[in-house]
Amino acid sequence: MRKCYLGLDIGGTKCAVLLSEVDGGIHLLDKLRFPTETEKGFAHTWNRLCEAMEEILRQNDLTFAEIEAVGVSCGGPLDSRRGLVLSPPNLPGWDEIPLARMITERYRVPAYLQNDANACALVEWKLGAGRGTENMVFLTMGTGMGAGIIAEGKLLRGCTDMGGEVGHIRLTEDGPVGFGKAGSFEGYTSGGGIARQAAALTERLLAEGQIPAWVRDGHAASEADARLMAEYARQGDPDALRFFDHIGRMLGRGIAQLTDVLNPERVVIGSIFVRCEDLLRGPMEAELRREALSHSVRGLTVVPAETGEQLGDLASIMVALYATGVEPLEEITEHKATVLAHYERLFTRYPALDCCRESVMEAYLLLRDCYRHGGKLLVGGNGGSCSDSEHIVGELMKGFYLKRPLPEAEQQPLRDALEPLLPGAESLLQQGLPAIALTGHAPLSTAVQNDLDPSLAMAQQVIGYGRPGDVMLGISTSGNARNVALAMQTARARGLRTIALTGGTGGRLKQCSDCAIIAPAATPADVQEYHLPIYHTLCAMLEAKFFDC
């Protein structure tokens, strides 16, 4: 039975209504966006939200009776326990709006409200870089500096829902203003604060008779922000490097205070840190070690957020799931015993592959969803990976560990048709999981090589075979096979999901895949030795899922 949820992502500039299905993961089905137009007041936005919710269900042949819950992600302050929006600065006029109750009363569906930073923290905790932790801090590090705090396995909200407002922490007695306070964590490390400091640096250098490189290149002080300064820092500009050293140290100082108070096992940082980790990590870690309790730092890792561009889209859905006690990846631990047995056997026999644990499960879920909805697998590689492609098709298209007999209803017409040629053939034929290796088909491949370009042979087959909802699996020991990368990019453009099976650093294929399984080896022979048990395990898990009755 489908379990569908609606999410409302409400911001000062734009709003989004999202529809998702939750089954071993959050699968976004549709999204509608529109400008908030705050100047027209709450009533206008409320009507637009209702219209969008009704429209997205109509487009997907659903009714509110089929929706499990609605989650709302919105800037604070708010009262999540009572579902009230309490005058957020980016939503003027939204004063004590009982938004959750209004949705429930109008559509007879439970609705839940959460601060947007907390909602994003839930996403990273359940699906991203915080998975498996009990104590985690998520830092937005975007336009502002907010946080979501997971303590002892629960979201910490505080008595007035102001838990996690870390941007207000004072790092120095005086300094850049953020969150209404000079020298605050937000003033130093948020996107807005970084831009103001970059502008101030530019003006100071000019006043001292020094012309910074970015000004010489035609950029005004008002254009100096995190992105521009990072560009010059990576070019080796000393002013920009010193600037990021300062920002990194202040980031470390803020994390040190959170570490001393909360003793988290992981701090996950979004937005600017994801883009500028190479410039921030060194000074951040140095300051963190200097400022925080050494015993607390030993148990801490600081990592960039993992859910990327999907973070905002998933946040509102996660609000509904957390409020109703639904684990988005619950099915991972509730598979048939045989599915999990194959999965765990891989890491027992090959301990070095433990680093691939999450990516193997992610690949399985992509393939499971593909086959569940009637899709197929396209797979390709070169050399030894060409042989692996054909091998995978063989394991999926007929019995591997299991016999997979055809259902009796399918055997009867085959019995009548095949009896004269081979009595009992219908009982020998087996159920298959449709898969096509793009490595054969010599007449087609040679025609493409001769008429188009040799590197497009697999991409052309993706055009012919691929359909939205299918999966493309690209295999390359280095991850840099040009023809495989072209096929993967073609698949993504055509609406297919993509999985890379690689080694080394992942190469090109890592960049054009939804899921990359990177074997912990560098030489082709070593990588291929790991690839074999990985894809055997995936084939066995899929067989157990669909045919172990």
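What area does the chain expose, and what share of it do carbon and sulfur atoms supply? In this predicted model, the exposed area is about 24400 Å², and carbon and sulfur atoms account for 52% of that surface.

**Overall fold**

The chain contains 21 helices and 20 strands. Its C-alpha atoms occupy a box of roughly 90 × 60 × 50 Å along the principal axes. A compact globule of 549 residues would have a radius of gyration near 24 Å, and the 27 Å of the chain agrees with this. Of the 549 residues, 51% count as buried. Among contacts with a separation of 6 or more, 66% join residues 24 or more positions apart.

**The second largest pocket**

The second largest pocket has a volume of about 1700 Å³. Its lining comprises 47 residues, of which Asp116, Cys120, Thr140, Gly142 and Thr143 are the closest to the pocket centre. Two or more lining residues come from each of the following elements: strand 1 (4-10), strand 2 (14-22), strand 3 (26-35), helix 3 (116-127), helix 9 (272-291) and helix 11 (311-324). The composition of the lining is set out below.

| Class of lining residue | Number in the second largest pocket |
|---|---|
| Nonpolar | 16 residues |
| Polar | 20 residues |
| Charged | eleven residues |

Which residue classes make up this lining? The lining of the second largest pocket combines nonpolar, polar and charged residues, and strands as well as helices contribute to it.

Definitions and conventions
Residues numbered from 1 in each chain as written. Predicted model: local features only at pLDDT ≥ 70, side-chain atom pairs only at ≥ 80, totals over all residues. Heavy atoms only, no water. 1 Å grid on protein atoms, 1.4 Å probe; cavity = no way out; pocket = protein on both sides within 12 Å on 5 of 7 lines; lining within 4 Å. Points joined across faces, edges and corners; volume = space filled by probe spheres on them. Helix = DSSP H or I, 4+ residues; strand = E, 2+ residues; numbered from the N terminus. Nonpolar A, V, L, I, M, F, W, Y, C, P; charged D, E, K, R; others polar. Rg over C-alpha atoms; globule rule 2.2 N^0.38 Å. Buried < 20%, exposed > 50% of the residue type's maximum accessible area, 1.4 Å probe, protein only. Contact = heavy atoms within 4.5 Å. Areas by Shrake-Rupley, 256 points an atom, 1.4 Å probe, with all protein chains shown as cover.
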